Amino acid sequence: MQRQYPHLSEPITLGRTTFRNRMFSAPMGGTDIANDGCIGPKSTAFYELRAKGGAGAVTVSELMVHPSTDGSHAYHLDESILNSLACATYTADAIRRHGAMPSLELSHSGQFAGTYMTDKSKQHGLAQWGPCDGVRADGVPVRALTHEMIDEIVDSYGHVAGLAKRAGFEMLMVHGGHGWLINQFLSPLFNHRDDEYGGSLENRCRFAIRVLKAIREAVGPFFPIEFRLSGSEFVADGYGLGEGIRIAQQIEPYIDLLHVSAGTYQKTFGITHPSMFEDHGRNVFLAAEIKKHVKVPVATIGGLNDPDQMEEIIASGKADVVYMGRALLADPYLPRKVTENRTNEIVRCLRCFTCMAERAATSTRRCTVNPIIGREMEGDEVIPVAPERRKKVVVAGGGPGGLYAAWTAARRGHSVVLMEKEDELGGVLKSEQALPFKHEMYELTGTYELFCRQAGVDIRLGCEATKESVEAEGADALIVAVGSTPLVPPIPGLDGPNVVVVNDYYLKKDQVGDRVVVMGGGLAGCECAVHLAQEGKQVALVEMRDSLSPDANVRHRPLLLAQIDRLGIDVRLEHRALSVSEEGVTCTTSQGGEVLVKGESIICALGQRSNTEAVAELADAAPFVRVIGDAARVATITQAVYQGYHAALDI
Ligand SMILES: Cc1cc2nc3c(=O)[nH]c(=O)nc-3n(C[C@H](O)[C@H](O)[C@H](O)COP(=O)(O)O)c2cc1C
């Protein structure tokens with residue numbers, strides 16, 4: 001067989017361990033860690049899925065090496081805790097049995113202890129230890145680690161490494177980046193010590209090297225050790241790429257793989273985890289440059305999800321291994337699809353940050369495009385029904401929720417008709433084609449459509465689901481995914497020729513002039529405003545409430561607001577639109593005055609309402625009826641897909 005991606009598919013040997021390919025799964029935090037620090041079965045299932053999906057290595061995220069001076073990540077490994085070693089062993093087994101190498105990330109968050117806690121007030125009660133005394137930006141005091149404490153932490157790294165090896169992990173990743181403790185020692189921004197751990201580069205590397213030596217002693221000469229380094233911190237007073245290279249050279253003798261990431265969690269979140277506003281692989285240059293100066297194999301990471309790009313990275317020698325985080329949430333089977341020449345079936349990550357925001361909001365994990373994520377134990381395989389239980393299923397509506405429902409029902413063996421009243425599938429996703437930074441969201445329709453067609457769904461375009469048409473199919477089950485309609489309130493002039501409803505912007509882009517007022521500062525309005533400003537237009541954003549985009553998730557929102565700020569969009573909060581004319585939008589302000597916000601073109605982005613009439617019409621069209629997505633309540637694609645999946649399982 002001729003592999004289309006020979007470089008990505010090629011095994012690599014680190015130490016004396018051979019990894020089946022060059023696509024590794026990045027550390028992503030487990031969610032059901034028990035109070036005693038044991039990893040729970042949900043997290044094990046979460047990692048196992050990435051192993052099933054074909055990754056070369058699967059990294060289990062941040063094991064806290066020294067709980068008495070840390071408190072960020074609850075996961076710990078301690079033989080004095082009943083079940084601790086057993087749980088770690090089950091996790092390593094779950095990965096190893098699918099042919100992937102289990103790796104474990106060893107970590108200490110230092111002065112940022114408590115970062116991941118949902119209840120932020122709790123972190124104030126934790127010990128915040130760093131290289132130096134100080135006060136964090138959020139006012140939390142930090143105390144300098146003493147020599148004795150440093151010795152103890154170094155010993156803990158060694159001790160835990162030995163246990164991890166015993167548990168069956170085949171590689172260890174030492175977290176030396178992203179602003180955590182080892183990075184704090186490496187960084188001139190955090191480290192102002194005047195002893196042998198501070199000052200010169202050699203001194204700043206001392207802690208990291210002691211840690212690596214302790215681990216090596218515990219695991220022996222041939223066991224692969226990986227070091228995660230931020231190639232550049234990308235902050236003033238931090239280190240840049242030049243110093244990143246010199247740090248890499250210091251560290252190199254003690255490791256088998258240098259993992260070059262970027263930035264810090266606290267200050268450059270959208271670079272460390274490249275947001276949708278960044279290029280894919282925007283940090284690859286760091287790995288590529290560092291690789292020129294070291295002999296040890298180098299890994300790269302950051303917004304990678306395109307097999308062509310990743311193949312080129314390895315083929316051209318920019319890196320030896322590519323890591324993916326979010327891309328393997330969106331599609332855990334991405335590595336298998338690459339090695340099996342099925343890349344047209346890859347579900348691409350949208351970089352919407354639902355994964356990270358859900359952790360902050362509910363301490364669980366979700367992915368917009370993959371309803372299994374965080375719920376892997378509930379079954380990542382759709383079990384077909386017995387032939388005598390096969391049903392006739394109609395799905396009304398071909399948006400993301402409807403498509404996912406249709407695909408899932410068809411995979412179960414049901415006979416599925418999908419009726420879409422428009423001539424095109426996609427529902428709300430159609431409008432995303434106008435925004436280059438959301439092209440993956442637009443392309444999602446094509447991917448789900450492919451899955452539906454492969455599974456034998458009868459897709460009928462230009463076909464409205466009515467009570468009659470559904471009954472004529474003799475449907476046993478009906479999934480109502482008829483979506484929502486834009487809200488266009490009766491504001492005088494809003495029906496004028498210079499107004500474009502945001503959902504139609506992709507069709508009417510050419511009609512939009514150089515000076516635009518976007519009415520509505522929700523997510524859709526904000527993202528449209530960003531795109532218009534990127535196109536060089538002069539944009540004002542008018543919002544009735546006192547803040548922008550409260551509907552965006554907590555990770556995406558600050559990055560979106562930063563774009564709005566950077567692009568100089570004229571934001572008018574607490575402005576209520578009174579009327580629209582050729583001149584712009586006349587608003588009342590919070591002070592009670594009237595102003596004209598000037599613009600020749602107006603975008604109406606004032607929200608959506610569920611298509612309740614269509615829902616009501618279909619209520620009795622089949623014995624089993626389930627309403628999902630926006631049709632049930634205007635929400636997110638995440639909800640639509642999740643509900644679509646489960647509706648299909650419930651038939
Ligand atoms: C949901 C999620 C959880 C993460 N948890 C960790 C973690 O526990 N430790 C860590 O070092 N990095 C963590 N990261 C960062 C990733 O390992 C990776 O560096 C980052 O997401 C960039 O890669 P990507 O663009 O392929 O997602 C996490 C990322 C995500 C998306």
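**Figure 1. The whole chain holds 22 helices and 28 strands.** This view shows a predicted model. The protein has 651 residues, and a compact globule of that length would have a radius of gyration near 26 Å; the model has 26 Å, which agrees. Along its principal axes, the C-alpha trace spans about 75 × 70 × 45 Å. Buried residues account for 53% of the 651 residues. If you like contact maps, here is a number to keep in hand: among contacts between residues at least 6 apart in sequence, 71% join residues at least 24 apart.

**Figure 2. A shell of 22 residues surrounds the ligand.** The closest of them are A26, M28, S61, G325 and R326. Sorted by character, the shell contains ten nonpolar, nine polar and three charged residues. Which elements each supply at least two residues of the shell? They are β3 (23-28), β4 (57-64) and α14 (354-362). Of the contributors, β3 gives the most, with three residues.

**Figure 3. Strand β3 pairs with β13 and with β4.** Now we stay with the strand that gives the most to the ligand shell. The pairing of β3 with strand β13 (residues 321-324) is parallel and runs over three bridges. Within that pair, M23 stands opposite V322 of β13. The pairing of β3 with β4 is also in the parallel sense, over two bridges, and here S25 stands opposite V58 of β4. As a general reminder, strands of a sheet pair through backbone hydrogen bonds, either parallel or antiparallel. Is β3 mostly covered or mostly open? It is mostly covered, with six of its six residues buried.

**Figure 4. Helix α2 is largely enclosed by the rest of the structure.** This helix covers residues 41-52, twelve in number. From its first C-alpha to its last it reaches 16 Å, close to the 16 Å expected at 1.5 Å a residue. Why can we call α2 largely enclosed? Ten of its twelve residues are buried, so the rest of the structure largely encloses the helix. The buried residues are S43, T44, A45, F46, Y47, E48, L49, R50, A51 and K52. An α-helix has 3.6 residues a turn, so residues three or four places apart point the same way. The cover over the buried residues of α2 includes β3, β4, α3 (84-96) and α12 (327-330). Just after the helix, G54 takes a positive phi of about 105 degrees.

**Figure 5. Three strands form an open sheet in the order β6-β8-β7.** The pairing in this sheet is mixed. β6 (129-130) and β7 (134-135) stand at the edges, each with a single partner strand, so one side of each is left without a neighbour in the sheet. How many bridges join β7 and β8? There are two, and the pairing of β7 with strand β8 (residues 141-144) is antiparallel. In one bridge, V135 is matched with P141 of β8.

**Figure 6. V174 sits in strand β9 (residues 171-176).** With 26 other C-beta atoms within 10 Å, V174 is buried. Setting aside residues up to four places away in sequence, V174 touches L106, I182, V211, L212, I215, I225, E226, F227 and R228. For a sense of scale, the C-alpha atoms of V174 and Q608 are separated by 47 Å, and these two residues are 434 residues apart along the chain.

**Figure 7. F353 and E574 each have a positive phi without being a glycine.** Most residues other than glycine have a negative phi, and most peptide bonds are trans. F353 has a phi of about 70 degrees and lies in the loop between α13 (334-339) and α14. Is F353 buried or exposed? F353 counts as buried, with 24 C-beta neighbours inside 10 Å. E574 has a phi of about 50 degrees and is found in the loop between β22 (570-572) and β23 (575-580). With 15 other C-beta atoms within 10 Å, E574 is partly exposed.

Key. Residues numbered from 1 in each chain as written. Predicted model: local features only at pLDDT ≥ 70, side-chain atom pairs only at ≥ 80, totals over all residues. Near = placed C-beta within 6 Å. Helix = DSSP H or I, 4+ residues; strand = E, 2+ residues; numbered from the N terminus. Nonpolar A, V, L, I, M, F, W, Y, C, P; charged D, E, K, R; others polar. Expected span 1.5 Å × (residues − 1). Buried ≥ 20, exposed ≤ 12 C-beta atoms within 10 Å, placed from the backbone. Contact = placed C-beta atoms within 7 Å. Pairing = 2+ DSSP bridges. Rg over C-alpha atoms; globule rule 2.2 N^0.38 Å.
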